[in-house]
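Colleague: Could you take one part of this model and walk me through it slowly, as you would for somebody in the first year of study?

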Amino acid sequence: MDLESKMILARREKTLLGEDIKYILFARDEKTAIFFVTVEFRGICETNRLGVSLEEAMKIFNALTDGSVTPCTLADVVADLQYSHTI
């Protein structure tokens, strides 16, 4: 992913099992802004697409940081949160 096309919107750090976990919410502009979240923990980094709604992206980002989601669970948790918002 081209770093120049990224706009960082939020960044949070928490401690999980004595180690830092980092969350980054960013947007990428491809005719329409698309929102993503990156989670870094123990040298593992995972990025997941959140969609085109800033409001929904912020809700999901806050839920992820509140629940201390790790990279290995990111995709499943985001899918669950996106599904729960559509019901």
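Modeller: A residue is called buried when its relative accessible area is under 20%. In this predicted model, Thr38 has a relative accessibility of 6%, and therefore Thr38 counts as buried. Thr38 is found in strand 3, and its side chain makes a polar contact of 2.8 Å with the side chain of Thr47. Leaving aside residues up to four places away in sequence, Thr38 touches several others, among them Tyr23, Ile24, Phe26, Cys45 and Thr47.

Phe26 leads on to the rings, where the count comes to one aromatic pair. This pair is formed by Phe26 and Phe36, and it is stacked, with 5.3 Å from centre to centre and 10° between the planes. Because Phe26 lies in strand 2 (residues 19-30) and Phe36 in strand 3 (residues 32-41), the pair ties together parts that are 10 residues apart in sequence. Both Phe26 and Phe36 are buried, and the charged end of Lys6 sits over the ring of Phe26, 4.4 Å from the centre of that ring.

Around these residues runs an open sheet of four strands in the order 1-2-3-4, with antiparallel pairing. Its edge strands are strand 1 (6-16) and strand 4 (44-51), each of which pairs on one side only. Strand 1 and strand 2 pair in the antiparallel sense over 10 bridges, and Phe26 appears here again, as the bridge partner of Ile8 in strand 2. Helix 1 (residues 54-66) packs on the sheet, where it touches strand 1, strand 2, strand 3 and strand 4, and its direction makes about 20° with that of strand 1.

Note on methods. Residues numbered from 1 in each chain as written. Predicted model: local features only at pLDDT ≥ 70, side-chain atom pairs only at ≥ 80, totals over all residues. Heavy atoms only, no water. Phe/Tyr/Trp six-rings, centres within 6.5 Å; stacked < 30°, edge-to-face > 60°. Helix = DSSP H or I, 4+ residues; strand = E, 2+ residues; numbered from the N terminus. Buried < 20%, exposed > 50% of the residue type's maximum accessible area, 1.4 Å probe, protein only. Lys NZ or Arg CZ within 6 Å of the ring centre and 35° of its normal. Polar contact = N/O pair within 3.5 Å; in protein donor to acceptor, adjacent residues only side chain to side chain. Contact = heavy atoms within 4.5 Å. Pairing = 2+ DSSP bridges. Axes fitted to C-alpha atoms, helices over the stretch in contact; angles between N-to-C directions.
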